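I opened my notebook on this one today and kept a short record of what I looked up. Here is the model my entries refer to.

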Amino acid sequence: MRRIPSHDNRYPVNYRSIKGTKDILPSETPLWQFVEQTIREVFRQFNYKEIRTPVFETTSLFARSIGELTDIVGKEMYTFQDRSGDSITLRPEGTASAIRAYIQNNLGEALPLSKVYYIGPMFRQERPQAGRLRQFHQFGAEAIGSPTAETDVEIIAMTIEIYKRLGITNYSLQINSVGDEECRPKYKEILNAELQKIAGQLSTESQKRIDQNPMRVLDSKNENDQKLTAGMPLITDYLNEECATHFAKVKSLLTAYGIPYTVNGRLVRGLDYYTKTAFEITSTELGSQDALAGGGRYDLLVKELGGKQTPSVGFAAGMERLLMILEKKGFQPPQQRPTVFIAAADDAAREWVLTTTMKLRSQGIASECDLLARSLKSQMKEADRQQAEFSLVVGATELESGKALLKHLSDHSQQNIVLEAIAEFFKH
Ligand code: HAM
């Protein structure tokens, strides 16, 4: 490819990251890594195994699963044609991809219940604001192959365990049942008839939804819509016996596990694949984008995407929103720091310092030395800046005597060590 000359002003040189995306800087990664580790630990303890799927898929996979009429599919997807003319979409969520992979790889044949989790970037072209990004990160899990309420509650309990483990207590859990293919259409008809009576007074957004997705009208954030629909019938009063029994079991298990919840008959979520249980976890610490996590049961999705009838349930949660709360609380993650910084007191010792640093590293000891030919004073400053646990100063005198002074930088204690035995010292 032809290189673009640097004076060509068709191309700016002040490159910036794309609106709604963020660099996660070296000063921030310790927090990400700590949180990811905690999340993986909880998933492991609940026996969920990691699945990694591509970040882009065929567009219709998302349209078909999330629903053509949802905001995600209608307005927010990063969809483009690749060079062979195929329509590709950057994944806006992880469930559709996990199910596609489950079907394609026959995971259901090996195990009656597949418990998988993922952590990774998702893409939605929403208006960026605090807690809302265009490339954001989710962690989530799917239990594919179980119809039981016990599985719904395992998913909910696992989500909550992650927040608990990280010391986040200020959240609330709302649950609902959105019914199934038998009771939901009947309820929708009743709701639609009620909404028609006040259609003219509703917000334009809600008016558009009356016919195709009337339940979303009840979930409207518009205050006037909320007032107008205050007394409307709720799905929870129209569940068939199977859905009602399932919902009752979910509630009684949550109580048995000591997990507080509120039933919100208006909760519908922004994805169309849900059946029976739907839930959301919100936090008042977050401002307007207050959803920490959401999920629910989706008994029809695997079949809808070409697999066998496979009842399933899952959740996903926003990483950035979780991190916002931890940062607000002043949470300090463990920092990455060298065990020892070896400083060269003179040029004669530089080569020894370099080779010894390498030797320590290959024996598993995090070590650092100067690569900028700096003075001893600057090297000591650097050891402090890097928060090394120990510093060791080695010059011609030390090389000759075979001993050097090792300083413990936090309490300033010091001791002589034999240079030959340096690796053994740190290994113990
Ligand atoms: P969702 O509610 O669309 O559900 O997303 C889950 C979480 O991702 C939200 O609660 C929020 O914390 C975070 N999130 C969503 N959009 C953004 C954004 N633009 N910026 C930052 N964070 C965001 C799902 O994605 C479903 N796949 C959940 C699921 C899994 N249901 C069953 N299995």
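**Entry 1: the chain as a whole**

I began with secondary structure and found 17 helices and 16 strands in the chain; helices (H or I, at least four residues) and strands (E, at least two) are DSSP runs, numbered from the N terminus. I noted that this is a predicted model, where local features need pLDDT of at least 70, side-chain atom pairs count only at pLDDT 80 or more, and totals for chains, interfaces and linings use all residues. Residues are numbered from 1 along each chain as its sequence is written, and side-chain values use heavy atoms, with hydrogens and water left out.

Next I looked up the dimensions. The radius of gyration is 28 Å, whereas a compact globule of 428 residues would come out near 22 Å (taken over C-alpha atoms; the globule rule is 2.2 Å times the number of residues to the power 0.38). Along the principal axes, the C-alpha atoms fill a box of roughly 95 × 65 × 45 Å.

I found 47% of the 428 residues buried; buried means under 20% relative accessible area, exposed over 50%, and partly exposed in between (1.4 Å probe, protein chains only). Of the contacts between residues at least 6 apart in sequence, 69% join residues at least 24 apart, a contact being heavy atoms within 4.5 Å.

**Entry 2: helix H4 and its surroundings**

Which residues of H4 are buried? I listed Thr-95, Ala-96, Ser-97, Ala-98, Ile-99, Arg-100, Ala-101 and Tyr-102, so 8 of the 10 residues in this helix (95-104) meet the under 20% cut-off. Their cover includes strands E2 (56-58), E5 (114-123) and E6 (135-144), along with helices H2, H5 (107-110) and H12.

Just after H4, I stopped at Asn-106, whose phi is near 50 degrees, a positive value in a residue other than glycine. Asn-106 sits in the loop between H4 and H5 and is partly exposed at 45% relative accessible area.

I also checked Gly-306, in the loop between H12 and strand E11 (312-318). Gly-306 counts as exposed because its relative accessibility is 60%. Its C-alpha atom is 9.9 Å from that of Ile-99, although their positions lie 207 residues apart along the chain.

**Entry 3: the second largest pocket**

I looked up the second largest pocket and got a volume of about 430 Å³. On a 1 Å grid over the protein atoms alone, a pocket is an open set of points where a 1.4 Å probe fits, with protein on both sides within 12 Å along at least five of seven lines; lining residues have an atom within 4 Å of a point. Grid points are joined across faces, edges and corners, and the volume is the space filled by probe spheres set on them.

Which of the 23 lining residues are closest to the centre? They are Arg-184, Lys-188, Asp-272, Tyr-273 and Tyr-274. H7 gives the largest share of the lining, 3 residues.

**Entry 4: two more loop residues**

Is Lys-276 buried or exposed? Lys-276 is buried, at 6%, and its phi is near 55 degrees, again a positive value in a non-glycine residue. I placed Lys-276 in the loop between strands E8 (262-263) and E9 (277-282).

Ser-203 lies in the loop between H7 and helix H8 (204-212) and is buried too, at 16%. Leaving out residues up to four places away in sequence, I found Ser-203 touching Asn-222 and Asp-225.
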